[in-house]
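Please open the model in your viewer and keep the sequence panel beside it, as this tour moves from one selection to the next.

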Amino acid sequence: MDQHLYTKKGAAPNTVLWRPREGSSVVLKERDYQPFNQIVRTVHIPDALAICAVNGIVPKPILSLSTLKATVLHPQRSHPCRNLHVLWFGAKLDGEDEHAHDWYGNVEFAVPIDVMMLQWRNLYLVEMVQAPTQTITRILVTNADYSSVLPPYDPRTPGGPWRLTPDGRHERLVDCRRYKSKGYNRHGHTLEFMIEVTPFGMRKILDEVTISFRNHHLGLSGGPHDCHRFGKTLTCPTPFTVDEGSHIFFKEHHRLIGRQPMATPRLSPSAEAFRQRFLAAEEIPRNVLQVQAPPPLSGHDFPPLGAPGQGSVIFSKLLQKQLLNGEVRKRRLVFGFGQKNVFGIITDSIWKPGKEEEEEKVIMKLRRHRPNKMQPPPLPHAPPPGYPPIPPPPCYPLFPTLPGYPPFPSPPGFQLPPPSGLPPLHLPPPPMCQPPMYLHSWAPMQPISWRRQI
């Protein structure tokens, strides 16, 4: 008998979450298996630009109806999947109509299925969702061990919604049987993958994707399959055809790339054709997707350093990091005072083996400040009676912590030692470090739990 997991109460027919019993088949006809080679994730244009800006596809908590959703797992407080963050991908059939309306969005990120099988080793059958008109199979892809709460899934076992044939082909069902073999799927069957990644993996997966553009011109029509995210509210921000959507994406990407580094994923042949049309229409040089450095600094931006006493550098640090391709990334941070004004410069350079010069650009410049208008932060507590007053810390602007580099040292201005005969001051404990991460793995080997100390 099929295993019942959850039923969403509402107007009939209800949505049922279930799993087939071990050894049973969900195949109706053998010809329902159709091949696929890619898993895809389609988003709206603002979300696609955000992915390029952060140089990674950020996983999010499960919000759709699922047995792994936090509200469904609320009674099971010790469930290892309680705080699971995943990336949603779907299996794209070979030969699928590229001009059909895609209700998920405008920009498609595709990953070869072989890459997924190579980077993740554990597959778990989460559930089969019996919606009123279709069935959805969800498979969790991870490197963590969830075998205590989820059944493993082997695509080589016959009878499943996704199978790997002996000759190495991946196939999925376009139709399947429903819960307890009752009813039929008017809109067929779809296969979804829930991929668990680390911060390293969410950036590494962007190196494997290929961008394509899809039609989303029915986003404001109000139909049940017109816009997955904004369909009920009729507020889809990008209800465009494939030509309009590709032009807007490249135009915004070109505008943002002049202000900040933007990822430039691989383009499909059709996406490259749209890019060439955009370049010709806007009369932009062919290197539109190259990162452009901000304009160099001038004397108008920062006061020059004078003689001793007129200008001084109070913080200068060089950070180096070896990249995977053999290059060396350097960041120079300079901070000081000049002519009663505060200045700060952060430069980024790449040293390439075999070349004598370095490619350098300014990635941050600190605007001028007036020290008399900068108020020192309030003291966390007053010293006990008999202690000397704690001097206020200097008015240092805070530098952002750079990704992949150690935090900056604390500025001078430590507390004075207590007088003789008095106990030492009680200082609050330092904040706990961030939880450890496997920087060379695409997904965590084991779930990590941690708690910040207050």
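Helices, of type H or I with at least four residues, and strands, of type E with at least two, are DSSP runs numbered from the N terminus. The model shown is a predicted one.

With that numbering in hand, select Asn55, which sits in the loop between helix 1 (45–54) and strand 4 (60–61). Asn55 has a positive phi of about 55 degrees although it is not a glycine; most residues other than glycine have a negative phi. The relative accessible area of Asn55 is 36%, so the residue counts as partly exposed.

Go on to Leu234, which is found in the loop between strand 12 and helix 4. Here too phi is positive in a residue other than glycine, with a value near 55 degrees for Leu234. Because its relative accessibility is 46%, Leu234 counts as partly exposed.

Next, turn to the interior. Select Trp162, Phe193, Ile195 and Phe249, which touch the most other members within the largest nonpolar core, a set of 48 residues. Apart from that core lies another, of 13 residues, and to find this one you can select Ile62, Leu84, Val126 and Tyr146, which are among its members. In soluble globular proteins, nonpolar side chains tend to be buried together.

Now look at the aromatic rings, for which a search of the whole structure finds ten pairs. Begin with Trp162 and Phe193, whose ring centres are 5.2 Å apart and whose planes stand at 90 degrees, so the pair is edge-to-face, the class for planes over 60 degrees apart. Which parts of the chain does this pair tie together? Trp162 belongs to strand 9 (residues 162–164) and Phe193 to strand 11 (residues 189–195), so the contact joins parts that are 31 residues apart in sequence. Trp162 is buried, because its relative accessibility is 0%, and Phe193 is likewise buried, with a relative accessible area of 0%.

Move from there to Phe213 and Phe250, an edge-to-face aromatic pair with 5.5 Å from centre to centre and 65 degrees between the planes. This pair links distant parts of the chain, since Phe213 lies in strand 12 (residues 210–213) and Phe250 in helix 4 (residues 242–257), 37 residues apart. Phe213 is buried, with a relative accessible area of 4%, and Phe250 counts as buried at 3% relative accessibility. Extend the selection to Phe249, Phe274 and Phe278, which together with Phe213 and Phe250 form one aromatic cluster.

With helix 4 still in view, add helix 5 (residues 269–282): the two helices pack with their axes 9 Å apart, at an angle of about 65 degrees. Helix 4 and helix 5 are therefore roughly perpendicular to each other, a class that covers angles of 65 to 115 degrees. The crossing in which helix 4 passes helix 5 is right-handed.

Follow the chain onwards to Thr264, in the loop between helix 4 and strand 13 (266–267). Is Thr264 buried or partly exposed? Thr264 is partly exposed, because its relative accessible area is 42%. Show Leu206 as well, for Thr264 and Leu206 are 58 residues apart in sequence, while their C-alpha atoms are 9.2 Å apart in space.

For a last stop, select Arg163 together with Tyr33, where the charged end of Arg163 sits over the ring of Tyr33, 3.9 Å from the centre of that ring.

Methods: Residues numbered from 1 in each chain as written. Predicted model: local features only at pLDDT ≥ 70, side-chain atom pairs only at ≥ 80, totals over all residues. Heavy atoms only, no water. Core = buried A, V, L, I, M, F, W, Y, C linked by side-chain atoms within 4.5 Å. Buried < 20%, exposed > 50% of the residue type's maximum accessible area, 1.4 Å probe, protein only. Phe/Tyr/Trp six-rings, centres within 6.5 Å; stacked < 30°, edge-to-face > 60°. Lys NZ or Arg CZ within 6 Å of the ring centre and 35° of its normal. Axes fitted to C-alpha atoms, helices over the stretch in contact; angles between N-to-C directions. Parallel < 35°, antiparallel > 145°, perpendicular 65-115°, else oblique. Left-handed = near helix turned anticlockwise from the far one by under 90°.
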